[in-house]
Amino acid sequence: MNFKQIAVVALLPYTIWLIIDYQYHFIDGANLLIHEAGHLLFNFLGNTLLTVAGGTILQLALPLIFAAHLQLNRDRFGAGLCVFWFAESLMYTAVYLGDAQARKLPLWAGGSHDWAFMLGRAGLITSCREIAAALHVVAAVILLCGLFIAFRGAMKSEDVTLPSQFPTD
């Protein structure tokens, strides 16, 4: 087994946990920073809705941009991991979206709730939990697809072998 294959196998318990009992965790700290940067970036467009949505847009677009770049460079393993990251970020988004009506989640610097604003404007705030549940299911499917893509890339990889397989002096 090479390192990439071991990495995919090591992601299996994490994948199961994400699907069955997703909770905010260490990767979401990075997703949150990207999310907040999206608000700043889209603020320059001067549109309130785009500024509010910009956090989620950048948070979800960045892993997909990386996945596309890696796929174009024939790195299926890396692309699969970025699709996996996208799906995990989508699960984070589902939790945030599902909180739109209750507004119990702590927000960065006590700011406003993006999804309460967007779903409120769309007249869907009372359906936030159902939309979030559906989004979680979609994210779970994408998560498994990303893991499968990474697995296929790892199986075709000419990766560096583990140190235990190097000749010793």
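Colleague: Is arginine 74 buried or exposed?

Modeller: Arginine 74 is exposed, because its relative accessible area is 78%, and exposed means over 50%. Keep in mind that this is a predicted model. Arginine 74 sits in the loop between α3 and α4.

Colleague: What is unusual about the backbone of arginine 74?

Modeller: Begin with the general idea: most residues other than glycine have a negative phi. Arginine 74 is not a glycine, yet its phi is positive, at about 60 degrees.

Colleague: Which loop holds arginine 103, and what is its phi?

Modeller: Arginine 103 lies in the loop between α4 and α5. Its phi is positive, about 55 degrees, although arginine 103 is not a glycine. Arginine 103 also counts as exposed, because its relative accessible area is 52% and the cut-off is over 50%. A positive phi turns up just after α5 too, at glycine 123, with a value of about 75 degrees.

Colleague: Let us step back to the whole chain. How many helices and strands are there in the protein?

Modeller: The protein has six helices and zero strands. Read along the sequence, the pattern is α-α-α-α-α-α. The C-alpha trace spans about 65 × 35 × 25 Å along its principal axes.

Colleague: How do I read the figures for burial and surface?

Modeller: Take burial as a share of residues, and surface as an area with a composition. Of the 169 residues in the protein, 41% are buried. The protein exposes about 9,900 Å², and carbon and sulfur atoms supply 69% of that area. As for charge, there are 9 positive and 11 negative charges, and their mean positions are 9 Å apart.

Colleague: What share of the contacts comes from residues 24 or more positions apart?

Modeller: Count the contacts with a separation of 6 or more: residues 24 or more positions apart account for 68% of them. Leucine 135 in helix α6 (residues 128-155) can serve as a case. Leucine 135 and glycine 98 are 37 residues apart in sequence, and their C-alpha atoms are 9.5 Å apart in space. Leaving aside neighbours within four places in sequence, leucine 135 is in contact with Leu90, Thr93, Ala94 and Leu97.

Colleague: What is glutamine 5 in contact with, beyond its neighbours within four places in sequence?

Modeller: Those contacts are Ala154 and Met155. Glutamine 5 belongs to helix α1 (residues 3-21). Glutamine 5 counts as buried because its relative accessibility is 14%, and buried means under 20%.

Colleague: Now a short helix. Which residues of helix α5 are buried?

Modeller: In helix α5 (residues 114-122), the buried residues are Asp114, Trp115, Ala116, Met118 and Leu119. To see what covers them, look at the elements in contact: these include α2, α3 (48-72), α4 (76-98) and α6.

Colleague: Which side chain does aspartate 114 join in a polar contact, and at what distance?

Modeller: The partner is the side chain of histidine 39, at 2.9 Å. Histidine 39 lies in helix α2 (residues 26-43). The side chain of histidine 39 also reaches the backbone oxygen of valine 52, at 3.4 Å. Both Val52 and Asp114 appear among the contacts of histidine 39 beyond four places in sequence, along with Thr51, Gly54 and Gly55. Histidine 39 is buried, because its relative accessible area is 13% and the limit is under 20%.

Colleague: Last, the aromatic rings. How are the rings of tryptophan 17 and tyrosine 22 arranged?

Modeller: Ring pairs are judged by the distance between centres and the angle between planes, and the count here comes to five aromatic pairs. Tryptophan 17 and tyrosine 22 make one such pair, which is tilted: 6.4 Å centre to centre, with 35 degrees between the planes. Tilted covers what falls between stacked, under 30 degrees, and edge-to-face, over 60.

Colleague: Which residues form the aromatic cluster with these two?

Modeller: Tyr14 and Phe84 join Trp17 and Tyr22 in one aromatic cluster. As for burial, tyrosine 22 is buried, with a relative accessible area of 11%, whereas tryptophan 17 is partly exposed, at 28%.

Notes
Residues are numbered from 1 along each chain as its sequence is written. This is a predicted model: local features need pLDDT of at least 70, side-chain atom pairs count only at pLDDT 80 or more; totals for chains, interfaces and linings use all residues. Side-chain values use heavy atoms; hydrogens and water are left out. Helices (H or I, at least four residues) and strands (E, at least two) are DSSP runs, numbered from the N terminus. Buried means under 20% relative accessible area, exposed over 50%, partly exposed in between (1.4 Å probe, protein chains only). Contact means heavy atoms within 4.5 Å. Accessible areas come from the Shrake-Rupley method with a 1.4 Å probe; for residues, only the protein chains shown count as cover. Lys and Arg count as positive and Asp and Glu as negative; His and the chain ends are not counted. The place of a charge is taken as NZ of Lys, CZ of Arg, CG of Asp or CD of Glu. A polar contact is a pair of N or O atoms within 3.5 Å; within protein, one must be able to donate a hydrogen and the other to accept it, and residues adjacent in sequence count only if both atoms are side-chain atoms. Rings of Phe, Tyr and Trp (its six-membered ring) pair if their centres lie within 6.5 Å; planes under 30 degrees apart count as stacked, over 60 as edge-to-face and the rest as tilted.
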